[in-house]
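Me: I am new to this structure and would like to learn how to read it feature by feature. Could you take me through it slowly?

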Amino acid sequence: MAAQGEAQRADERGAGIIPAAGAGSCVLVGEVRTGLLAHSRALTEPEATGIVTLRPGSQVRVSARPVPHCVSPDLTLGVHCPVPSASGARRDGLGTVLSRASVTSGRLVQASTHGRIVLGGARSAGRRRPWAHHLAHPGMIEVGGRLSVDDLADGFLSTETGDGPGSTLDLGAVCGRLLDQAQESPFLDQKPPFRARRTRFRFALLPCGHPAVGESASRSESAVADTTSGRSPVPGHVCRVGFVVADETVRTLRIHGSGLDLVSVVGLCEDLALHDWLLTTVQYVVTGSRVRAGGGGRLPSQLKPVIDHLLHVWMPGARIGEELLPVWTGLEQRLGFSRQWESLVGWIRDQLALALLASLGDGAR
Amino acid sequence: MTGGTGVTGVEVVVGETGATDRTVEIPLSHLSVELGHLYMDELVDGSVDLPAYFGRIATWTGPDQLADLARVPRSLLRASTCVLVDDYAAAPLGPDVVVPRLIAAARSAGLTIDYLARESGCAAPMDGAAALAGPRPAASLADLVEGLIVADPAAGFNGNRPPAHENGWLCNGVRSPAGGARQAMRAPVAWQPPLENRAHRHSIFLDVEIWREQGSGRRWSCPFLATVWQLLRLGQLRVLGQPAATPVDIDPDDLPATWAQFPTIARLPGHAAPFAAYRTLSVLDGQFLPVEHAVRMTLGQVAVDPIVAEQTLRRAGRENVPLPAELPDRVGHVFLGG
């Protein structure tokens with residue numbers, strides 16, 4: 001399944017993903033935007049593949065289990081701008097971010113963008129490195145000058161991007177454009193079965209604890225190399241996770257961990273964002289139906305598309321590597337994603353049963 | 001893969017081959033040596049003394065020099081030679097005339113041409129099954145490479161707008177504001193100089209035409225096709241994980257009359273080392289310096305498939321061949337004076 005492909009890709013990249021010698025600590029930041037495909041029915045696999053083939057001649061990864069899922073190749077974009085900072089420190093970063101689009105179950109579309117920000121690297125002052133150097137390390141942004149990982153992560157997670165001018169790194173805008181691009185595909189008839197809002201899911205992966213800069217560098221480097229080669233003597237682990245529902249459509253996730261494969265972390269966040277969207281969307285529809293439920297046992301009309309299109313997509317953690325499963329488990333325990341989902345699905349089934357009984361009663365009369 | 005020892009204590013590994021990338025590795029020499037480049041006019045009007053031309057190139061391509069450039073001992077050196085025929089703009093002479101002439105002239109200078117390619121092949125519809133597969137096939141090698149361009153961002157570019165896509169042009173910095181631009185009722189904006197992103201005190205700003213719309217379609221520029229050519233020689237191009245172009249054996253005694261019937265990359269009989277190589281050397285007339293400057297700048301803004309990049313670096317490591325990760329640094333030139 002997809003995770004195997006990812007493991008192999010990560011393995012192939014092995015050395016390439018490791019920052020240049022002398023690099024400092026590193027923070028992975030990213031954003032996932034999730035929405036309902038602007039199409040009246042679920043897409044077939046070839047159609048879904050067409051949506052995410054964003055570059056000629058490139059491979060799309062397709063998996064059929066547990067739900068059909070296809071992912072575009074990574075798109076690279078160059079950036080040269082200040083990186084986020086909660087304290088307002090202005091530190092310029094230069095490098096690339098990676099984006100990809102995916103379609104799940106022929107119904108849901110996601111765009112995700114991420115970058116690995118390397119702080120305190122040995123960037124020669126004044127003069128840039130050749131651009132080819134940055135292209136040889138895709139998805140890495142080198143930052144000159146001092147900046148703490150917390151300052152960076154706090155700034156990134158708390159700043160709404162993608163909506164306005166602003167001069168700092170804007171992953172939200174990159175991600176939003178990619179989602180628009182997918183939604184504007186000629187394969188789509190622009191007639192979604194119901195209205196659903198896009199959600200934004202921002203995430204940051206920081207080192208465990210607060211080690212000295214040099215220590216963190218060597219640890220994260222060797223850890224990445226180890227997990228990606230699959231011969232990890234010390235398996236990657238997650239120390240702490242913070243999930244925040246910032247408003248109706250914005251969520252943030254902060255992970256402290258070490259030895260984690262970054263590609264898998266992005267995959268985890270995409271999976272979390274997908275399920276959070278499902279929960280948010282179905283809850284919204286159910287809430288609306290409850291308000292409007294006029295009795296009489298009639299099935300609220302807005303529930304039908306949800307039953308048709310969304311209920312079967314819930315497969316939490318199916319594409320997640322073992323070292324990241326504790327994140328799902330932890331969120332389940334504290335937030336009860338699945339319990340909430342079961343409760344919503346139960347309510348919808350009850351409505352369905354009531355509607356059936358009512359129609360039988362009508363027939364008997 | 002999703003695997004692990006769950007409650008059952010059994011390790012479960014689940015795989016699905018469709019989800020796995022398959023990226024083919026191709027054979028690699030240490031060095032791909034380009035034995036000059038001639039404009040078609042020069043071949044037509046006979047203004048170039050071909051044996052003398054190849055003779056000058058031969059002085060720069062001795063085995064010791066090549067081994068040195070490839071950074072391997074001479075005894076281990078795998079080098080192949082190639083010539084790119086300039087047939088894209090116009091081709092009054094066909095392969096049946098040009099190819100034997102080039103082979104004979106090179107031979108008179110003691111050089112062997114292992115591979116002959118045609119420039120139009122970089123812009124033509126791709127051959128092979130790989131080109132047809134997939135929902136969005138690349139129309140040509142040039143299309144494929146254009147899709148790999150990741151522009152060098154100017155200072156201040158933070159992703160909040162699409163990257164500037166200047167209809168078919170690529171540069172190494174910030175352009176000078178358009179001349180004569182004026183806002184209504186205001187004086188013309190004062191001229192500002194362009195800026196090289198990586199200026200060393202002063203800028204050497206370069207703006208390269210990649211293509212232009214012309215008549216029935218897109219005309220690719222010579223420097224861009226030369227960039228495609230370098231990427232082919234560096235073995236970095238794949239279509240759906242398959243080699244984007246593969247050399248085809250030809251019989252020099254049975255050559256077609258038109259270039260369209262000629263392979264994109266043709267292998268001449270002999271014991272040639274692989275076409276693609278870790279590094280390239282091009283020995284060219286000095287008039288090609290601007291073209292190759294553009295090639296180096298463009299190569300520096302091409303992001304090849306990271307899997308291919310990694311495979312190449314790892315193989316070089318296994319062979320103990322020092323290899324820079326940056327593509328422009330793998331490309332060497334000798335420019336001959338008049």
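Me: How far apart do the C-alpha centres of domain 1 of chain B and domain 2 of chain B lie?

Reply: Please keep in mind that this is a predicted model. A centre-to-centre distance is one way to begin with two domains, and here the C-alpha centres of domain 1 and domain 2 of chain B lie 30 Å apart. The domain assignment gives each of them as two segments, with 29–147 and 218–336 in domain 1 of chain B, and 153–179 and 189–209 in domain 2 of chain B.

Me: How many residues does the contact take from domain 1 of chain B and from domain 2 of chain B?

Reply: One counts the residues on either side of the contact, which here takes 7 residues from domain 1 of chain B and 5 residues from domain 2 of chain B. On the domain 1 side, the largest share, 4 residues, comes from helix H8 (residues 289–299) of chain B. By class, that side of domain 1 of chain B has 3 nonpolar and 4 polar residues, while no charged residues take part.

Me: How many helices and strands are there in chain B?

Reply: Chain B has 9 helices and 17 strands. Strands may then be read by the sheet they form, and 7 strands of chain B form an open sheet with mixed pairing, in the order E14-E15-E5-E4-E3-E16-E17. Its edge strands, each pairing on one side only, are E14 (248–249) and E17 (331–336) of chain B. Within the sheet, strand E3 (residues 29–35) and strand E16 (residues 277–285) of chain B pair in the parallel sense over 6 bridges, and B:Glu34 has B:Ser282 in E16(B) as its bridge partner.

Me: Which residues of helix H2 (residues 45–52) of chain A are buried?

Reply: Burial is read residue by residue, and in helix H2 of chain A the buried ones include A:Ala48, A:Thr49, A:Gly50, A:Ile51 and A:Val52. What covers the buried residues of H2(A) includes strands E2 (61–63), E3 (69–71) and E5 (92–104), together with helix H5 (171–183), of chain A.

Me: Why is A:Trp347 called partly exposed?

Reply: The label rests on counting neighbours, where 20 or more other C-beta atoms within 10 Å would make a residue buried and 12 or fewer would make it exposed. A:Trp347 is partly exposed because 15 other C-beta atoms lie within 10 Å. This residue is found in helix H10 (residues 337–364) of chain A.

Me: What share of the residues in chain B is buried?

Reply: For a whole chain the labels can be totalled, and buried residues make up 41% of the 338 residues in chain B.

Terms used. Residues numbered from 1 in each chain as written. Chains lettered and ligands numbered in written order. Predicted model: local features only at pLDDT ≥ 70, side-chain atom pairs only at ≥ 80, totals over all residues. Domains from an automatic or database assignment. Contact = placed C-beta atoms within 7 Å. Helix = DSSP H or I, 4+ residues; strand = E, 2+ residues; numbered from the N terminus. Nonpolar A, V, L, I, M, F, W, Y, C, P; charged D, E, K, R; others polar. Pairing = 2+ DSSP bridges.
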